[in-house]
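Visitor: Could you take me through one part of this model in close detail? I would like to see how a single strand sits among its neighbours.

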Amino acid sequence: GFETQFSISLDDLNITDIKEYLSDNQLDASSFTINATIVSEVPIAIDATLECTYKDGNKGTVTVSPEIAAGTLKQPATSEVVITSNLPSGLADVDNAVVIIKGRVPSDKFKEPVSLNEKQSFQITLNDIEVTIGANYEQ
């Protein structure tokens, strides 16, 4: 097997409009927990974390755990995951954010080299969602 890591910046995610909406309406998601089911046809086990830095230099994270299992078109893998946030100042004051994705091809499951095609996909079902909403007040 092999491992790879890449990151996606805040600009790539295009969540600026969401941040502006939260800020303009003085609302912010200070914390959330999402239980999700992910069915993967992609032969790469994935570990993902969003790391953000606030304008005051503090840090925040959103993590997916455990690792999303690798699957195939013929044998999709189902993972029960929990997405949790540690965003002390919510999203509105985020200055920069990067999603760090670690991909791993399990050598015990894939003896031959793997390839990706447009038919492989993730199916994500959001189950229980719990959100704590905070309010930002400017004086």
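Guide: Let's start with a pair of threonines: Thr49 has Thr63 of strand 4 as its bridge partner. That pairing belongs to the contact between strand 3 (residues 45-54) and strand 4, which run antiparallel and are joined by five bridges. The two strands form a hairpin with four residues between them. In the turn, Gly57 has a positive phi of about 95 degrees. For background, most residues other than glycine have a negative phi.

Please keep in mind that this is a predicted model. The mean pLDDT of the chain is 81, and 75% of its residues reach 70 or more. Strand 5 has the highest mean pLDDT among the elements, at 93, whereas helix 1 (residues 10-13) has the lowest, at 58. Where pLDDT is low, the predicted coordinates should not be read in detail.

Now for the two sides of strand 4. Gly60, Val62 and Val64 make up its covered face, while Lys59, Thr61, Thr63 and Ser65 make up the uncovered one. This fits a general pattern: in a regular strand the side chains alternate between the two faces of the sheet.

Lys59, in strand 4, deserves a closer look. Lys59 counts as exposed because its relative accessibility is 59%, and the cut-off for exposed is over 50%. Leaving aside residues up to four places away in sequence, Lys59 touches Cys52, Thr53, Tyr54 and Pro88. With Thr53 there is also a polar contact between the two side chains, at 3.4 Å. A more distant stretch of sequence can be located from here too: Ala97 is 38 residues away along the chain, and its C-alpha atom is 9.6 Å from that of Lys59.

On to the other neighbour. Strand 4 pairs with strand 5 over five bridges, again in the antiparallel sense. Here Ser65 has Val82 of strand 5 as its bridge partner. Also in strand 5 (residues 77-86) is Ser85, which is buried because its relative accessible area is 15%, and buried means under 20%. The side chain of Ser85 reaches the backbone nitrogen of Phe32 at 2.8 Å.

Just past Ser65 there is a detail worth pausing on. A cis peptide bond joins Ser65 and Pro66, with omega at about -5 degrees. Most peptide bonds are trans. Pro66 lies in the loop between strand 4 (59-65) and strand 5.

That loop also takes part in a salt bridge: the side chains of Glu67 and Arg104 meet at 2.7 Å, N to O. Glu67 is in the loop between strand 4 and strand 5 and Arg104 is in strand 6 (residues 94-104), so the pair ties together parts 37 residues apart in sequence. Both residues are partly exposed, with relative accessibilities of 33% for Glu67 and 30% for Arg104. A search of the whole structure finds one salt bridge.

Finally, here is the wider setting. The chain has two helices and seven strands, in the order β-α-α-β-β-β-β-β-β along the sequence. Of its 139 residues, 32% count as buried. Among contacts between residues at least 6 apart in sequence, 83% join residues at least 24 apart.

Methods
Residues numbered from 1 in each chain as written. Predicted model: local features only at pLDDT ≥ 70, side-chain atom pairs only at ≥ 80, totals over all residues. Heavy atoms only, no water. Buried < 20%, exposed > 50% of the residue type's maximum accessible area, 1.4 Å probe, protein only. Contact = heavy atoms within 4.5 Å. Polar contact = N/O pair within 3.5 Å; in protein donor to acceptor, adjacent residues only side chain to side chain. pLDDT = per-residue confidence, 0-100. Pairing = 2+ DSSP bridges. Salt bridge = Lys/Arg side-chain N within 4 Å of Asp/Glu carboxyl O.
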